[in-house]
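Reader: Please give me a close look at one helix. Then follow its contacts into the rest of the chain.

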Amino acid sequence: MIEKKPFTEIQTDRLILKPHKATIEYATKLYNVIAENKEFLSRFMPLLYKVSRVEDEYNFCLSASKAFEEMTSADYGIWTKDNQLIGTCTFTDIDYEERSGEIGYFLSQDQTKKGYMTEAINALMDTFFERGFNRIVIYMDTQNKPSENVAIRCGLTKEGQLRQWRFNPVFNEFRNIFVYSKLKSEWKKEK
């Protein structure tokens with residue numbers, strides 16, 4: 001089993017991954033990112049389509065902050081060094097005994113194709129592999145090519161496809177999901 005150590009802010013060359021704050025001001029910033037990108041994001045993250053008020057994000061930030069403190073999930077806002085919130089990334093479904101977890105993420109449409117998400121996900125993986133985790137997984141809709149490209153650029157291996165694994169109300173159908181993963185041994189070879 002991995003020793004539980006408090007989660008912390010993560011910095012990269014261009015980004016700061018900051019834990020979500022349970023404040024109305026922070027929730028408003030996060031809500032604005034979602035609202036401005038709702039159509040773009042909700043195609044493959046249908047839960048975001050249900051976000052209709054700042055209070056929805058505030059309640060999410062409350063639960064994310066609690067999970068962060070309890071070290072059961074690490075939800076981060078992705079901030080540029082000039083203090084602009086551009087997306088989120090999460091290390092979730094943490095299993096300390098199995099030493100595994102899942103990464104999820106989204107980015108504002110106008111911030112795509114700049115390498116930000118690859119930079120953020122690599123930093124997140126570094127942090128959790130350094131903590132002793134052995135396996136990190138990313139799931140994505142098989143039609144979500146930008147997300148798949150992030151997984152490939154971050155050196156994850158495609159394990160396969162889960163057929164009709166998630167229902168997506170935006171498309172009103174069950175969707176196929178790709179599974180990508182990276183093992184600590186593979187991460188170490190890259191370092």
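**Helix α4 and its surroundings**

Author: The buried residues of α4 are Tyr 116, Met 117, Thr 118, Glu 119, Ala 120, Ile 121, Ala 123, Leu 124, Met 125, Thr 127, Phe 128 and Phe 129. Buried means under 20% relative accessible area, exposed means over 50%, and partly exposed lies in between (1.4 Å probe, protein chains only). The model is predicted, so local features need pLDDT of at least 70, side-chain atom pairs need pLDDT 80 or more, and totals for chains, interfaces and linings use all residues. Numbering starts from 1 along each chain as its sequence is written, and side-chain values use heavy atoms, without hydrogens or water.

The helix runs over residues 116-130. Helices (H or I, at least four residues) and strands (E, at least two) are DSSP runs, numbered from the N terminus. α4 has 15 residues and spans 21 Å from first C-alpha to last. That is close to the expected 21 Å at 1.5 Å a residue, where the expected span is 1.5 Å times one less than the number of residues. In all, 12 of the 15 residues are buried, which leaves α4 mostly covered. Gly 132 follows the helix, with a positive phi near 110°.

Now the link out of the helix. Glu 119 forms a salt bridge with Arg 14, with the closest N and O atoms 2.7 Å apart. Arg 14 sits in the loop between β1 (10-11) and β2, while Glu 119 is in α4; the two are 105 residues apart, so the pair links distant parts of the chain. Here a salt bridge is a side-chain nitrogen of Lys or Arg within 4 Å of a carboxyl oxygen of Asp or Glu. Side chains of opposite charge can pair when their charged atoms come close. Arg 14 is partly exposed at 33% relative accessible area, whereas Glu 119 is buried at 17%.

The loop of Arg 14 leads to β2. Strand β2 (residues 15-19) runs antiparallel to β3, joined by five bridges. Strands pair if DSSP finds at least two bridges between them. In this pairing, Leu 17 stands opposite Ile 78. Strand β3 (residues 74-80) is mostly covered, with seven of its seven residues buried. One side carries Ala 74, Tyr 76, Ile 78 and Thr 80, and the other carries Asp 75, Gly 77 and Trp 79. β3 also pairs with β4 (residues 85-95), antiparallel, over six bridges. There Tyr 76 faces Cys 89. The two strands make a hairpin with four residues between them. Asn 83, in the turn, has a positive phi of about 70°.

The structure holds 10 salt bridges. Another of them joins Asp 141 to Arg 175, with closest N and O atoms 2.8 Å apart. Asp 141 lies in β6 (residues 135-141) and Arg 175 in β8 (residues 173-183), 34 residues apart, so distant parts of the chain are linked here. Both Asp 141 and Arg 175 are buried.

Lys 145 and Glu 148 also meet in a salt bridge, at 3.1 Å from N to O. They are three residues apart in helix α5 (residues 145-153), and so about one helical turn separates them. An α-helix has 3.6 residues a turn, so residues three or four places apart point the same way. Lys 145 is partly exposed at 42% relative accessible area, while Glu 148 is buried at 6%. Elsewhere, shared salt-bridge partners join Asp 141, Glu 173 and Arg 175 into one network.
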